[in-house]
Amino acid sequence: MEMGDERQIIAQRAAHEVKDGMIVNLGIGIPSLVPDYLDSSIRVFFQAENGILGMGPTPTIKPDGNLSNAAGLPVTILSGGSYFDSTIAFGMIRRGCIDVSILGALQVSERGDLANWIVPGKRVPGVGGAMELAYGAKNLIALMTHCEKDGRPKIVKKCTLPITAFNCVKKIVTEMAVFAIHDDAMVLEEIMPGFSLMDIKNHTEADFKVSPRLKETSPS
Amino acid sequence: MNLFNKVTDYETVKSVLFDGMTLLFGGFGGVGTPPGLVDCLIESGVKNIKLIGNDAGFPWIGIGKFICLERAQSLLASHIGSNPVAGDLMNQGKLKVEFSPQGILIERIRAGGVGLDGFLTQIGMGTNLAYEKPIVKIGDQEYLYEAPITGDVAIVFAKKADTFGNLIFDKTARNTNPYVAMASKITVVEAEEIVPMGTLNPEEIIVPGIYVTHIVQSKGYNWKWKWEMNDKS
């Protein structure tokens, strides 16, 4: 499987978590691909940390340098949308006004700890708004490839990378599986096409239960 | 009409900048960072600057242009991922970087701008970003104490300023600018348009001019956005 395919498969599955009428915040990386897979009947308001609620698609003509998403890419604003400053952007995040936050992840632990801001000595992106989103969003979904390039699992018993926030991830979507994280356990809910339960067990360090309603997801 | 004598030129602004100052800058990924004032900062030759703002911009965009010159001593920001030069300087020990959660950082600047003594939050507790911040226990709950931030000089980008310094902003270029404008001893605003007092609707003013000390005319963004560039690097 090509790397690009994995990302698209993850984004496509994550799009099923977005329901009509939700307020949604998407992180950079794989989460930014999610809107491509939303059914056209679903109406949501996308919020971004740089001060916009009701983000619309990429403009087809004349992008505006002063109208962008949190990644700095040009966007549009939908009818009913609003602009606000950074304190309000984060005020609505902390206050619990975001229905679902979909973030990229580097590691997630079996109790829902999230690591997604730094690989010491290597990548230094910085934390951005991830700590507040992890704290305030009603539902936090972490998207990542199931393993590192060298095969090491990213779903771990305990994160080895610096923590963004503890006990915050409610669901993990990878190209291999979907896990729900409950207070008492992590539960395998779905196996993605082309993989077996044994594949998941072999590539997951964390302990998990298997849902009695376990299903295989069809990709379309 | 320049009743309050705030409207000025870039040469005058250079004279208020100084070595070792704490500089707050508005903007988010360069959107809303004042391009003319960044150039003014570069041309002024000041060094050992303590920078505070949302992020490190890009190497050719926003505050990133200044960071690349190695004249900043430190940077307090929420992320630097879009400016690899900042990461290199950090790893080489040439730039001291402190990270803050993004919303906490702007709230600290707001606290400085509105005369509060800081605030408590659970965000960042137990993580590396708690640094040496004091921990306050109330009942059974522990909180981090986040101190207010103030600066010597702030640089701000506005859509319109009247000659008193009342400000309005443009779309997502507002971001951190309103609070950056309120938290420093000297606040320099680069406005896309400078208008006479009385022409802005008082209901729509975002920052009252009381905080603003200097106003200069903008010539607009003088960099290419990443999405305008042909190579996909």
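# Exercises on a predicted two-chain model

The contact between the two chains draws 33 residues from chain A and 38 residues from chain B. The model is a predicted one, and the exercises below work through the interface, the two folds, one helix of each kind of setting, a small sheet and the nonpolar core.

## Exercise 1: the side of chain A that touches chain B

Determine which elements give two or more residues to the side of chain A that touches chain B, and how that side divides by residue class.

Solution. Step one is to list the contributing elements: α2 and α3 of chain A each give two or more residues to the side that touches chain B. Step two is to rank them, and here α2(A) supplies the largest share, five residues. Step three is to sort the residues on this side by class, which yields 16 nonpolar, twelve polar and five charged residues.

## Exercise 2: the two folds

For each chain, state the secondary structure content, and decide from the radius of gyration whether the chain is as compact as a globular protein of its length.

Solution. Begin with chain A, which has four helices and 13 strands. The radius of gyration of chain A is 17 Å, close to the 17 Å that the globule rule gives for 220 residues, so chain A is as compact as a globular protein of that length. Its C-alpha trace spans about 50 × 35 × 30 Å along the principal axes, and 45% of the 220 residues of chain A count as buried. Among contacts in chain A between residues at least 6 apart in sequence, 64% join residues at least 24 apart.

Continue with chain B, where there are six helices and eleven strands. For chain B the radius of gyration is 18 Å, close to the 17 Å that the globule rule gives for 233 residues, so this chain too is as compact as a globular protein of its length. The C-alpha trace of chain B spans about 55 × 45 × 35 Å along its principal axes, while buried residues make up 53% of the 233 residues. Of the contacts in chain B with a separation of 6 or more, 75% are between residues 24 or more positions apart.

## Exercise 3: a covered helix in chain B

Check whether the end-to-end distance of helix α5 (residues 102–113) of chain B agrees or disagrees with its expected span, and find what covers its buried residues.

Solution. First compute the expectation: at 1.5 Å a residue, the twelve residues of α5(B) should span 16 Å, and the end C-alpha atoms are 17 Å apart, which agrees. Next consider burial, for which the threshold is 20 or more other C-beta atoms within 10 Å; twelve of the twelve residues of α5(B) are buried, among them I104(B), E107(B) and R110(B). Then trace the cover, which includes α2 (86–94) and α3 (130–136) of chain A as well as β1 (22–25), β5 (119–121), β7 (141–146) and α6 (177–180) of chain B. Finally, look past the end of the helix, where G115(B) follows with a positive phi near 70°.

## Exercise 4: an exposed position and a second helix

Classify G4(A) as buried or exposed, then list the buried residues of helix α2 (residues 35–44) of chain B.

Solution. G4(A) is found in helix α1 (residues 3–14) of chain A. Because G4(A) has 8 other C-beta atoms within 10 Å, this residue is exposed. In α2(B), by contrast, the buried residues are P35(B), G36(B), L37(B), V38(B), C40(B) and L41(B). Their cover includes α1 (10–16), α3 (64–67), β8, β10 (184–195) and β11 (214–217) of chain B, and α2(B) is followed by G45(B), whose phi is positive, near 80°.

## Exercise 5: a sheet and the core

Give the strand order of the open sheet of three strands in chain A, and identify which residues of the largest nonpolar core touch the most other members.

Solution. The sheet has the order β7-β6-β9 with mixed pairing, and its edge strands are β7 (114–115) and β9 (155–156) of chain A, each pairing on one side only. Strand β6 (residues 107–109) of chain A pairs with β7(A) in the antiparallel sense over two bridges, and Q107(A) stands opposite A115(A) in β7(A).

Turning to the core, which has 127 residues, the members that touch the most others are A142(A), L143(A), A181(B) and V189(B). Its largest share, seven residues, comes from strand β8 (residues 151–162) of chain B. Beyond its neighbours within four places in sequence, L143(A) is in contact with residues including I10(A), I30(A), I102(A) and V173(A).

Note on methods
Residues numbered from 1 in each chain as written. Chains lettered and ligands numbered in written order. Predicted model: local features only at pLDDT ≥ 70, side-chain atom pairs only at ≥ 80, totals over all residues. Rg over C-alpha atoms; globule rule 2.2 N^0.38 Å. Contact = placed C-beta atoms within 7 Å. Expected span 1.5 Å × (residues − 1). Nonpolar A, V, L, I, M, F, W, Y, C, P; charged D, E, K, R; others polar. Pairing = 2+ DSSP bridges. Core = buried A, V, L, I, M, F, W, Y, C linked by C-beta atoms within 7 Å.
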